[in-house]
Amino acid sequence: MEIGKQVSKRTSLSTFGPVSLSTPSRILLWLLPLSFFIVAFFYPLSRILILTLDADALTTGHILLASRVLLFTFYQATLSTLLTLLLGLPAAYLFARYDFRGKSLLRALTALPFMLPTVVVAAGFSALLGPRGLFTTFFPLPSFQFIGTLTAIIIAHVFYNTTIIIRLVGNALSSLDPRLEAAARSLGANPYRVLWHVTFPLLRPALLASLVLVFLFDFTSFGVVLLLGGSQFATLEVEIYLRVLRLPDLPLAALLSVIQLVCTILFSILYSRFATRSTIQTNPRSAQSNLRKTKTRREKIVVAAFIFLLTSFFILPLSALPIRSFFRLEADRGQRGGVQYGFTTDYYKELFINRRGSVFYVPPIRATGNSLAYAGGTVLLSLLLGFPAAFTLAQPTRLERILDPFIMLPLGSSAVMLGLGFILSYGAWLTSPLLVPFAHTLVALPFVIRTLQPAIASIPQRLRQAASSLGASPLEVWKNIDLPILRRATLAAGTFAFTISLGEFGATLLIARPEYPTIPVAIERFLSQPGGLNYGQAMAMATILMLLTVASILLIERVRIPGAGEF
Amino acid sequence: MLEVHHVYKSYEGKPLLQDISFKVEKGETVCLLGASGSGKSTLLRIIAGLEDADSGSVSFDGHDLTATPAHLRDFGLVFQDYALFPHLSVSENVAFGLKMRRLPQNEISERVAHSLEIVNLRGFERRQVTDLSGGEQQRIALARALATRPRLLMFDEPLGALDRTLREDLLNQLRSILHRTNIPAIYVTHDQEEAFAVADRILILHGGKIVRDGAPAEVWANAESAFVARFLGLGNVFKGEVRGKQDGERWKVDSRFGMFIVPCAHSHTEGDPVQLLVRPNVVDEGSNIIQGIVTDVIFQQDRFKVSLDNGLYFYLSQAPKMGERIEVFVKVECLG
């Protein structure tokens, strides 16, 4: 069903979007989502700000520590970004210029990590290169250490964000008019000078935009830094977490949160400026005309080697995880020494047992149930709040143009900061498991709104007018026209919310009750405990989470309308 | 009977409709004819209740509809781009209005079948609307509007997206359906041929006002203004100046094409500026003669369109030579 084809050729501004809404009904529609944002975001944010202004926050010691942490955060983010660029640029060139077998599969593979929960990525690297990992077991090098190093953090960041470079720079590259390069060649420029004087300047906006975006993600990264680096590599995010849970100092945590927020807002502004510039193309061409096959022998070898490198880099951690979850690699219970190798399902079985003295008070598999329940609640809540907001945003007036950046603000805020805000504002309710879906909804809502909004805006206004002239009341129009047409977008938005809730780590770690752990929280606890069995259970849990997430991603890709859910 | 009283509407500060009043009698088809941007579609949406007028009112059979929302007005509406619901089948589309009225299922099926019968699309019930051709889609849209047996049918450029032959064919069907069902109708178009073919009465909209209101033949015979004459393409329109009375209701009028004797019921005084219309069909004899050098001759089936160096054009039965100086007898009309 191609809804787009129903669009009239004589489109005017008023032709699309919901039936012209009066100001009172707009305010009515905004009531629920806006109250939610105030209660769940702006009030907690104000508590953080107030705490920062407290005399306890701005001490010399705090400021010194904060600047040290800020400096390190910048340092690791810069290193990560540069290394991401090193892998991402040739990869972008590969995807934009070469045609090879399995290309779309490889592209999907490089995009996969970006959508996976951080704990899954961390667990994957641990399963491959950690002290109990596959590589370490089969190639025992005495001096080899990966987990707990800056290298691990940076490699995981590269793994995560290379897809951004491939996407932004690759798209710009493939829509570049190849005749410009041909013209430069015919004017006597050699390939390197073409690259330097023609290709690179044309790509600069896309390059800068992707650079800022990668930097932003590296800057705010939490799960990877905590799980692969450990607390000695304290970035702003990790330090906030430590100052909330491990070495409580809430004024300091608040101060760090504000610094973090200011930085992310600045980067976001920078990004949107570059991003708008990168969309201006002089003469966009279809990507097809730029593609070619390898010609010379040397080119063939270089391209094949790079494809191999890229494939291994992305496939190894992701496949190490499920393999390790079925691979016994420790002594039997109660026995010392005598490490036994082999296939086992024990790690999965163990998840169903409530052992005394374990890190949980319940069988660990309950975490899966908790996660699914929280995810379900998040889906319901974010759709309930997302629909009215998306409905008015699809036909924006000045009210919506003012509100829009505000409801996107949680997107730029760090998850750990959201968790801190919840603790400061609703500490008394921390015993209630209801707080978690609220925090997850806050993270998911911008995505849900950005998925629904273009779909709602794409419904021709005349369909609603036709229904209305046939006797359908506004409610019946909504029920019979909007809702059925939006089914796909609703499914996509709901799955987005579901996936985000499943993988959410930072905020959940701060506010989840010990007896109601989610899957990511359970994985973190397993990883922080000694013993092969705990480790194996972390692998099993992470594998379950990976499968759930991949299934959701496949569903989104199937149902989503092209262009929706992008920022 | 539909009555529109003194409707005003402005858009972003600019007046779009100014004091529009007219009636549509029972069984009558009224055509709103105007260039794009003349406000005719807005007027239609105001009548349908999809938009509010700044002032003025719409009433039907004496009942004021200002407070009645669109879905309770019982006016059928057919759009240029059909606006068929893409997620519903043909029969579900046609049944939509009936379901909204909560009619019993057997009556719905009966009426759907009947409506599809009227537009000659029986057997299309289970088809997807997205699989149909443009002409078929438009007939389904018409069937959908007819099924509810509305008090008034409204058409917003219904044939605008179709090609010429299909348009003529559908226009004939539409006229006979309107005639048979006796439903009063308002038909909005910018195409004068379409308007003249379908309408019992034509309203020409210009600058937010109704500049001409009459039966097609009447409007054709008496344009009454230079704008209408130009808009309908009635012939050569140019300025003149009254030089005095000839006799009775005939006036002497000077222009850059010569002095003419023009019949006109209005009273003029010497020096009055007037607009003149010279239709391209020449007459056998008379007092008004126009001369010129032939610059272009186009063959048009049963006649030749001849353009002269002074910018005027005429239809002649025989082709003159290029560059030849010719003289023709013409009828000159006064447009006031």
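Trainee: Among contacts in chain A between residues at least 6 apart in sequence, what share joins residues at least 24 apart?

Mentor: The share is 81%. Keep in mind that this is a predicted model. A contact here needs C-beta atoms within 7 Å.

Trainee: What makes up the secondary structure of chain A?

Mentor: Chain A has 23 helices and two strands. Of its 567 residues, 46% are buried. To count as buried, a residue needs 20 or more other C-beta atoms within 10 Å of its own.

Trainee: How many residues of chain A are in contact with chain B?

Mentor: On chain A, 22 residues take part, and they meet 21 residues of chain B. Two elements of chain A each give two or more residues to that side: helix H18 (461–469) and helix H19 (474–485). The largest share, seven residues, comes from H18(A).

Trainee: Which classes of residue are found on the side of chain A that touches chain B?

Mentor: That side has eleven nonpolar, seven polar and four charged residues.

Trainee: Now chain B. Why are S2 and S5 of chain B called edge strands?

Mentor: Start with the sheet. It is open, has four strands, and runs in the order S2-S1-S4-S5 (chain B) with antiparallel pairing. Strand S2 (14–24) and strand S5 (63–64) of chain B are edge strands because each pairs on one side only, and pairing takes at least two bridges.

Trainee: How do you know that strand S1 and strand S4 of chain B pair?

Mentor: Count the bridges. Pairing needs at least two. Strand S1 (residues 2–11) and strand S4 (residues 55–60) of chain B have five, so they pair, in the antiparallel sense. B:Leu2 stands opposite B:Phe60 in S4(B).

Trainee: What about strand S6 and strand S7 of chain B: in which sense do they pair?

Mentor: They pair in the parallel sense. S6(B) and strand S7 (residues 152–156) of chain B share four bridges, and the cut-off is at least two. B:Leu77 stands opposite B:Met154 in S7(B).

Trainee: What makes you say that both faces of strand S6 of chain B are covered?

Mentor: Look at each side of strand S6 (residues 75–78). B:Phe75 and B:Leu77 are buried on one side. B:Gly76 and B:Val78 are buried on the other. Both faces are therefore covered, since each of these residues meets the mark of 20 or more other C-beta atoms within 10 Å.

Trainee: What is the mean pLDDT of chain B?

Mentor: The mean is 89, on a scale from 0 to 100. In chain B, 100% of residues reach 70 or more. The model itself scores ipTM 0.74 and pTM 0.71.

Trainee: Why look at pLDDT at all?

Mentor: Where pLDDT is low, predicted coordinates should not be read in detail.

Note on methods: Residues numbered from 1 in each chain as written. Chains lettered and ligands numbered in written order. Predicted model: local features only at pLDDT ≥ 70, side-chain atom pairs only at ≥ 80, totals over all residues. Contact = placed C-beta atoms within 7 Å. Nonpolar A, V, L, I, M, F, W, Y, C, P; charged D, E, K, R; others polar. Buried ≥ 20, exposed ≤ 12 C-beta atoms within 10 Å, placed from the backbone. pLDDT = per-residue confidence, 0-100.
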